[in-house]
2 protein chains.
Amino acid sequence: MLPTIEWRDDRVIMIDQRKLPGEEVYVECRDFEDVAEAIEKMVIRGAPAIGVAAAFGVALGFLRVERSKDSRAEFSRILTRLRRTRPTARNLFWALERMTAAHQENQGLPLDELKKRLIAEALDIEQEDVEINRQIGQFGAELIKDGDSILTHCNAGGLATAAYGTALGVIRAAFEQGKKIRVFADETRPFLQGARLTAWELEKLGIPYFVISDSMAGWLMRKAEIDLAIVGADRITPNGDTANKIGTYSVAVLAKENHISFYVAAPLSTFDFSLETGDQIPIEERPPEEVKEINGKLITPAGARVRNPAFDVTPAGYITAIITEKGVIRPPYEKTLADLRK
Amino acid sequence: MLPTIEWRDDRVIMIDQRKLPGEEVYVECRDFEDVAEAIEKMVIRGAPAIGVAAAFGVALGFLRVERSKDSRAEFSRILTRLRRTRPTARNLFWALERMTAAHQENQGLPLDELKKRLIAEALDIEQEDVEINRQIGQFGAELIKDGDSILTHCNAGGLATAAYGTALGVIRAAFEQGKKIRVFADETRPFLQGARLTAWELEKLGIPYFVISDSMAGWLMRKAEIDLAIVGADRITPNGDTANKIGTYSVAVLAKENHISFYVAAPLSTFDFSLETGDQIPIEERPPEEVKEINGKLITPAGARVRNPAFDVTPAGYITAIITEKGVIRPPYEKTLADLRK
């Protein structure tokens, strides 16, 4: 298991994903504000991991609530802060909703008991995520053949979840089944999650891989060096439209053009049943420095203007199948998703 | 004019494109070996600029040939060295062929006269390139409308040519005509020609621009923020297949998917009439460090394996038109190109 995030001694410990693979440094969060900032600054990232972090953040914040305060108002203040950390990942809001439900259902308990109950709920979310990822891995591995070369974009591995991974969990499960595979990891500019995090995980797991610049993926598909693509997701609407790391849409279009299967691997907590289509998903625009600087050094002229949308939306029509913990669904997603949830 | 390359006092001076935009440093080449290494190490890059550099390299090398040596054998030695610097750009071989023809046609001259003749030929190639770029700019500017947002990939500007630029020359000509345009410059990993060089040129020219990560281009097309795409070329086969910087193929596929015009701007010296289709174009694979390191610092695990194809081939079917110094040609390129050369 990779040490993405942990509840330890009434604190939340996270590996600092900004420093990988060069340094393995851990960040200690003592209150919910520390957790909120860690999410905003991408100490931790990846939709399921953000969900776990948010749940831990609520539990941690509520643990610090003093007896003299209005605990409901304090709970609301914690929620409000965590809710505005990052706008796109569905799992953040899903986890906050679950913590809110736990808080409401246990209002009758004494404050200390309620605090314990919220910690237990957050730990449940973490543990469930590990199990869910293993199930996604099992279902997804059936789609991977011995000898396949698999493209992935960004990091949907153990670092993006409580452990094991979604897209990388599928790759990992296929590898654990003894299938001879190799991975092409898009470096994933601007934040380099592929070059830094996916490569670091694949290295630790002993799975053969190549890192490539994002712009090489299309050409390698055309040269028949890639057999399939698999990515994670930040938010999926019921029609199958999928928000994921910027560049995912391009991978999907290039896969379609080259008759290559394009899979999304995500837990059901990534689905947003309050929306209809991907057009309604808010897309975060992140700070310009992420594009203008690498390792703190300018790569553009100082005065350059940049765009930095952190996600894009891949229309369902480009997605061969979505791999969830309940099974693999194929278009039309409205129907197959509804069947799956019955 | 941008100071890409210059013949001065029997030396060749180039701006070091590896150091831009942070530092404006000039490299002085005293013999053809210096020029060959400058091409290999990408002190100078861009197909037309490589052609000019190669011509200057031949003239410089031949200028240093001593009276006691076999001047034909020396010429051949210079050619052989320069020919193996970079395999993909057609203009390199075109320029070497032209210098070879000048050498052969003037065999009757005394050695000192022959030396002068080769310098004159190289300077002609340089001057013609400037004029050709201006003509490409004029023809191409007609394809750009007032208010257009234009995507470009890599750098096909003054730095990629003797001066003015091909794809960026078209953008520049439209801007000089008073059209209100803005440019999206793909950063162009791994060498960052877009973030570093195209942005530097656009900044100097006062043309509004945004730098984006390569993986953002597709999404911005889908969001209707880009009206057309225009790129340079390293080698074009008579059927219109176009080798250009890695990532160009992806831009072309995404443009087609989003019903956006995709233009190639290149001089006729970029066409390779000895080949039939793009499948025959040799694609250079460059050193892994270009992908693994940025500014000399590792971004991947130390043991990571990478791929680094420097170019890809865009099939003619994705190319709306090719802009040459003789006019704009459209499919079927075999026919329109033949008509153009009549």
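**Buried charges, a two-fold pair and some unusual backbone**

Me: Is Asp272(B) buried or exposed?
Reply: This is a predicted model, so the value is computed from predicted coordinates. The cut-off for buried is under 20% relative accessible area. Asp272(B) has a relative accessible area of 3%, so the residue counts as buried.

Me: OK, which residue forms a salt bridge with Asp272(B)?
Reply: The closest N and O atoms of the pair are 2.7 Å apart, and the partner of Asp272(B) is Arg235(B). The two sit in distant parts of the chain: Asp272(B) is in the loop between strand S10 (261-265) and helix H10 (289-292) of chain B, while its partner is in strand S8 (residues 235-236) of chain B, 37 residues away. The partner is buried as well, at 6% relative accessible area. So the residue you want is Arg235(B).

Me: How far apart are the closest N and O atoms of Arg286(A) and Glu284(A)?
Reply: Over in chain A, Arg286(A) is buried, with a relative accessible area of 10%. Glu284(A) is buried too, at 9%. These side chains form a salt bridge, and the closest N and O atoms are apart by 3.0 Å.

Me: Which residues are linked with Glu284(A) and Arg286(A) in a network of salt bridges?
Reply: In general, side chains of opposite charge can pair when their charged atoms come close. Here Glu284(A) and Arg286(A) pair with each other. They also belong to a network of salt bridges, and the other members are Arg86(A) and Glu290(A).

Me: How many residues apart are Asp112(A) and Arg67(A)?
Reply: These two form a salt bridge, with the closest N and O atoms 3.2 Å apart. The pair links distant parts of the chain: Asp112(A) is in helix H5 (residues 111-141) of chain A and Arg67(A) is in the loop between helix H2 (47-63) and helix H3 (71-83) of chain A, a separation of 45 residues.

Me: Which class of accessibility does Asp112(A) fall in?
Reply: Its partner Arg67(A) is exposed, with a relative accessible area of 61%. Exposed needs over 50% and buried needs under 20%, with partly exposed in between. Asp112(A) has 40% relative accessibility, so it is partly exposed.

Me: How many salt bridges does a search of the whole structure find?
Reply: The pairs above are among them, including Asp272(B) with Arg235(B). Over all chains, the count is 54.

Me: What rotation superposes chain B on chain A?
Reply: The superposition needs 0.0 Å of shift along the axis and has an RMSD of 0.0 Å; the rotation is 180 degrees. The copies are thus related as by a two-fold rotation axis. They also meet through the same surface, because 100% of the interface residues of chain B are interface residues in chain A too. The angle asked for is 180 degrees.

Me: Which strands stand at the edges of the open sheet in chain B?
Reply: The order in this antiparallel sheet of three strands is S1-S2-S3. Two of them have a single partner strand each, so one side of each is left without a neighbour in the sheet; these are strand S1 (5-8) and S3 of chain B.

Me: Which residue in S2(B) does Ile5(B) stand opposite?
Reply: S1(B) and S2(B) pair in the antiparallel sense over four bridges. Opposite Ile5(B) you'll find Met14(B).

Me: At about what angle does helix H1 of chain B run to S3(B)?
Reply: Helix H1 (residues 32-40) lies across S2 and S3 of chain B. Its direction relative to S3(B) is at about 140 degrees.

Me: Which residues of H11(B) are buried?
Reply: There are buried residues here including Leu337(B). Seen down the helix axis, the buried residues fall within an arc of 60 degrees, so they line one face of H11(B). What covers them includes strand S15 (321-324) and S16 of chain B. By name they are Tyr333(B), Leu337(B) and Leu340(B).

Me: Where is the cis peptide bond just before Pro332(B) placed, that is, in which loop does Pro332(B) lie?
Reply: Most peptide bonds are trans. The one from Pro331(B) to Pro332(B) is cis, with omega near 0 degrees. Pro332(B) lies in the loop between strand S16 (327-329) and helix H11 (333-341) of chain B.

Me: Is Leu192(B) buried or exposed?
Reply: Phi of Leu192(B) is positive, near 60 degrees. The residue is in the loop between strand S5 (182-186) and helix H7 (193-205) of chain B. With a relative accessible area of 4%, Leu192(B) is buried.

Terms used. Residues numbered from 1 in each chain as written. Chains lettered and ligands numbered in written order. Predicted model: local features only at pLDDT ≥ 70, side-chain atom pairs only at ≥ 80, totals over all residues. Heavy atoms only, no water. Buried < 20%, exposed > 50% of the residue type's maximum accessible area, 1.4 Å probe, protein only. Least-squares fit on C-alpha atoms with pLDDT ≥ 70 in both. Contact = heavy atoms within 4.5 Å. Salt bridge = Lys/Arg side-chain N within 4 Å of Asp/Glu carboxyl O. Arc of directions from axis to C-beta. Pairing = 2+ DSSP bridges. Axes fitted to C-alpha atoms, helices over the stretch in contact; angles between N-to-C directions.
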